[in-house]
Amino acid sequence: MSGAGFPKGFPTPEDLASVDLQTTPLKGWMDPKVNFEGRRGTWSYPAGAKNLKALKMHNPREWSPADEDWKLPKDWKKTILNGMADRLERFRSFKIMMDICVRCGACADKCHFFIGSGDSKNMPVLRAELLRSIYRREFTTVGKILGGLAGGRELTVDVLKEWYYYFYQCTECRRCSVFCPYGIDTAEVTMIARELLNLVGLNINWVLEPAANCQRTGNHLGIEPHAFVDNIDFFLDEIEENVGYKPEVPINKKNADILFITPSGDVFADPAIYTLMGYFLLFDYLKKNHGFNWTMSAYASEGGNFGLFSSNEMIKRLNAKMYREAERLDVKWILGGECGHMWRVVNQYMDTMNGPAPKNLVLPKSPFTPTIFENAASTKMVHIAEFTADLIKHKKLPLDPSRNDRYKVTFHDSCNPARAMGLLEEPRYILNNVCNNFYEMPSSTIRESTFCCGGGAGLGNDENFEMRMRGGLPRGNAVRYVQQKHGVNVLSCICAIDKATLPPVCDYWAPGVEVHGVHELLANALVIKEGEVRVNNLRGEPLKDESEASEGEE
Amino acid sequence: MSVIVAFLLFAFVVGVGFLAGMVPGLQPVFGKFLPWLAFFVFVGGVVWRIWKWASSPVPFRIPSTCGQNKSLDWIKPARLDNPTTTLGVIGRMLLEVLFFRSLFRNTKAEVHDGPHVAYGSSKWLWVGAMAFHWSLLIIFMRHFRFFMEPVPFFATGIASLDGFMQIGIPELYVTNILIVGALSYLLIRRLLNPQVRYISLPADYFPLMLILGIVLTGIMMRHFSWFRVDLIKVKQVAMGFIAFDTVAVPKGIGAIFWVHITLICTLLFYFPFSKLMHAGGVFMSPTRNLANNNRFKRHVNPWNPEVEVHEYEHWEHMYHDKMVACGLPLDKPTDEEA
Ligand code: SF4
Ligand code: SF4
């Protein structure tokens with residue numbers, strides 16, 4: 001339970017949290033200089049040339065932000081300005097958000113990166129101004145004439161570098177947009193800015209390697225089909241070992257009723273794998289008792305979509321596989337697993353980009369309850385939390401919540417299900433039915449006001465570790481609060497990125513708290529056979545924690 | 001720095017106004033020509049800006065959802081904070097435009113030792129913004145008594161409500177006090193809050209000063225005998241403006257009145273080309289004015305691009321041997337396997 005794995009010499013939480021939100025730099029913000037060398041630990045490595053080539057993206061080359069020369073294309077300035085002009089024509093959001101900010105500052109201290117770093121340019125308003133100042137100078141008459149007096153800045157290489165630093169220091173979490181009186185969404189500005197940066201080859205590897213992998217193999221982690229099958233087999237053995245059953249998992253099976261798609265992190269990384277095992281137990285229970293007919297796919301083996309952190313075209317490319325595969329396998333509808341940004345894509349982009357859904361897909365109806373998912377009438381894709389909450393509501397799942405009694409649970413709303421969808425009650429309903437001890441974090445840190453894990457949007461890499469911990473401060477601190485108040489030892493969530501990024505956040509800011517998926521907890525509580533005796537949970541730990549009294553606190 | 005630039009600009013406008021007041025020859029220009037021009041620039045500019053916004057499509061439906069969405073029957077959706085219907089969107093927009101719903105959520109984050117991050121309630125900005133905008137609207141409506149004969153009922157009604165405290169002669173309007181307080185607060189906040197000062201541009205101070213100037217000159221004319229102006233003549237100017245007639249502008253209105261007019265004209269000129277357009281933009285903000293209904297109602301992107309997808313066929317071809325090895329079914333088995 002120690003905070004293992006922190007880089008040597010990493011500051012203590014007390015030191016890292018000694019930020020001052022009230023002091024601003026002496027130099028005005030229009031000065032773009034960023035000292036990359038001195039700020040290691042707060043930026044991400046650039047995308048490798050091979051990934052750019054694989055995706056046929058601009059300006060593939062090897063370089064480092066710490067270099068003086070970023071090897072930009074000769075006409076980079078023209079490219080960026082044309083890119084802006086083009087996007088002003090194509091996105092009303094961009095135009096409006098460039099024009100109407102009044103710099104009231106309401107969004108300023110809503111960003112986890114500002115709270116955790118105190119860096120003024122991490123205030124959402126200023127992050128957006130970095131781009132807006134160029135817009136004013138190049139695209140408005142007043143700015144062209146008055147320049148700096150009108151808040152305009154010239155587009156220089158230094159500005160571009162500054163963009164790289166700050167637009168890859170925004171996790172597109174949209175928390176700022178909730179508080180802005182005009183709904184200005186700095187995540188949207190960041191998305192456009194990243195599209196612009198992509199035009200001249202300024203991107204980060206943690207976004208584009210997964211994207212390239214996904215394009216090639218079907219998932220971000222680059223798991224090829226045979227390895228996908230192997231991994232799943234391995235987990236099935238593990239389930240058998242811990243729980244005593246071996247579920248069956250059909251892959252690439254035609255004519256199933258339901259195609260299940262989940263992020264590949266579930267198939268690969270601890271602790272997300274326990275969530276996957278949870279799905280398998282649930283589906284197997286449904287199959288044995290109700291004849292559930294489902295399949296996974298090794299081709300559409302990724303629920304997530306790192307295109308979201310790159311460009312709208314990339315979202316579309318990667319997302320297209322879902323409908324393609326649903327059509328090929330001739331299923332009735334799609335069920336999607338626990339994932340944050342995946343659900344932003346499914347809820348807000350999929351139908352527009354790749355719809356209408358193929359003809360074989362029908363209005364999703366639960367095979368086991370009278371429920372028709374009218375809310376997915378067009379996309380034909382249902383969220384697993386909706387699916388399961390409905391099953392519980394209709395008493396289709398025998399549950400023994402006491403099996404999770406060693407856990408005191410709180411719930412982290414992932415940014416996208418909260419602010420790009422509004423999936424708030426379903427996971428809570430499940431949690432309240434599968435465990436006896438559930439506690440909410442303070443209201444400013446959950447639901448639509450939830451705080452990011454600090455590592456979304458491609459920033460969850462090792463080289464960016466300091467910034468992740470800084471950005472994780474608000475979340476980690478809220479966890480710490482319920483840990484001290486109620487003895488919470490489990491932070492549950494419905495997002496695969498969270499399952500990778502929150503463990504270190506907890507280890508650092510609230511040591512002793514583990515991260516679990518909601519469906520992991522569900523499967524622990526699920527009584528598969530009447531009179532079933534279970535000794536261990538999915539992690540192979542005894543259901544009752546003998547050393548309860550001594551652990552928990554620290 | 002920004003505040004100084006803005007103040008110099010503001011002082012210049014005030015100076016021009018005084019000049020107009022002092023030089024009778026200028027008054028026809030400032031009493032007729034300038035307001036007309038300002039009025040047309042304002043209307044034309046606002047329409048042009050909105051048209052420009054409207055001419056860019058809304059490729060994606062991206063509402064920020066601030067409450068439970070509509071899903072299962074037994075889960076109560078947040079119809080206003082996460083609307084799925086047009087009615088819900090209208091409700092959300094009304095709350096936003098009339099009551100600044102989002103600003104009302106404001107909190108203040110503080111990082112204390114421990115570490116302990118605290119989120120205090122922080123409603124003053126909301127109070128200031130509400131007091132300012134509502135007072136401005138009421139004051140604007142009150143002014144119709146200058147532009148219309150007979151004075152419209154709403155102008156008289158509002159004025160008598162506004163003066164309900166019945167203090168002083170002429171009675172003190174509540175909105176006058178509120179707006180001066182609110183504007184001063186907004187200005188002082190901008191200067192004292194370090195982060196807000198850091199982000200502030202001249203364009204943020206200038207409109208505050210303009211409006212404060214307009215309000216103060218108005219109050220001076222009403223309440224300070226030294227500056228009091230002949231309201232009959234003022235009304236003549238206003239009616240002449242409305243009627244578009246060329247009757248001479250009456251002489252002998254105090255200089256302060258011309259400062260008032262000059263500031264207003266400047267505001268009208270300035271409005272369409274500035275952040276003040278937030279007044280129109282808020283209605284078109286895609287994170288607020290769209291329903292969260294993408295999963296059941298198709299939204300079309302007019303420029304939906306063609307993209308290159310890694311198709312299954314090629315994928316199977318690529319992994320053919322590996323798929324065979326692990327027993328995954330193939331769509332196109334090679335001849336031997338078939
Ligand atoms: S809250 Fe909105 S209007 Fe205010 S500074 Fe932030 S982005 Fe600008
Ligand atoms: S989207 Fe999130 S990370 Fe980005 S500026 Fe807004 S609050 Fe910060």
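Two strands are taken to pair if DSSP finds at least two bridges between them, where strands (E, at least two residues) and helices (H or I, at least four residues) are DSSP runs numbered from the N terminus. This is a predicted model, in which local features need pLDDT of at least 70, side-chain atom pairs count only at pLDDT 80 or more, and totals for chains, interfaces and linings use all residues. Residues are numbered from 1 along each chain as its sequence is written, chains are lettered from A and ligands numbered from 1 in the order in which they are written, and side-chain values use heavy atoms, with hydrogens and water left out.

In chain A, four strands with parallel pairing form an open sheet in the order E2-E1-E3-E4. Strands E2 (294-295) and E4 (381-383) of chain A stand at its edges with a single partner strand each, so one side of each is left without a neighbour in the sheet. Three bridges join E3 (residues 333-336) of chain A to E4(A) in the parallel sense, and A:Leu335 stands opposite A:Val382 in E4(A).

Two ligands have shells of residues near them (a heavy atom within 4 Å). The shells are divided by class, with Ala, Val, Leu, Ile, Met, Phe, Trp, Tyr, Cys and Pro as nonpolar, Asp, Glu, Lys and Arg as charged, and the others, Gly among them, as polar.

| Shell | Nonpolar residues | Polar residues | Charged residues |
|---|---|---|---|
| Ligand 1 | ten | one | one |
| Ligand 2 | six | three | three |

The residues around ligand 1 include A:Cys101, A:Cys104, A:Cys107 and A:Cys180, while those around ligand 2 include A:Cys111, A:Cys170, A:Cys173 and A:Cys176. Helices H6 (124-139) and H10 (186-199) of chain A each supply at least two residues of the shell around ligand 2.
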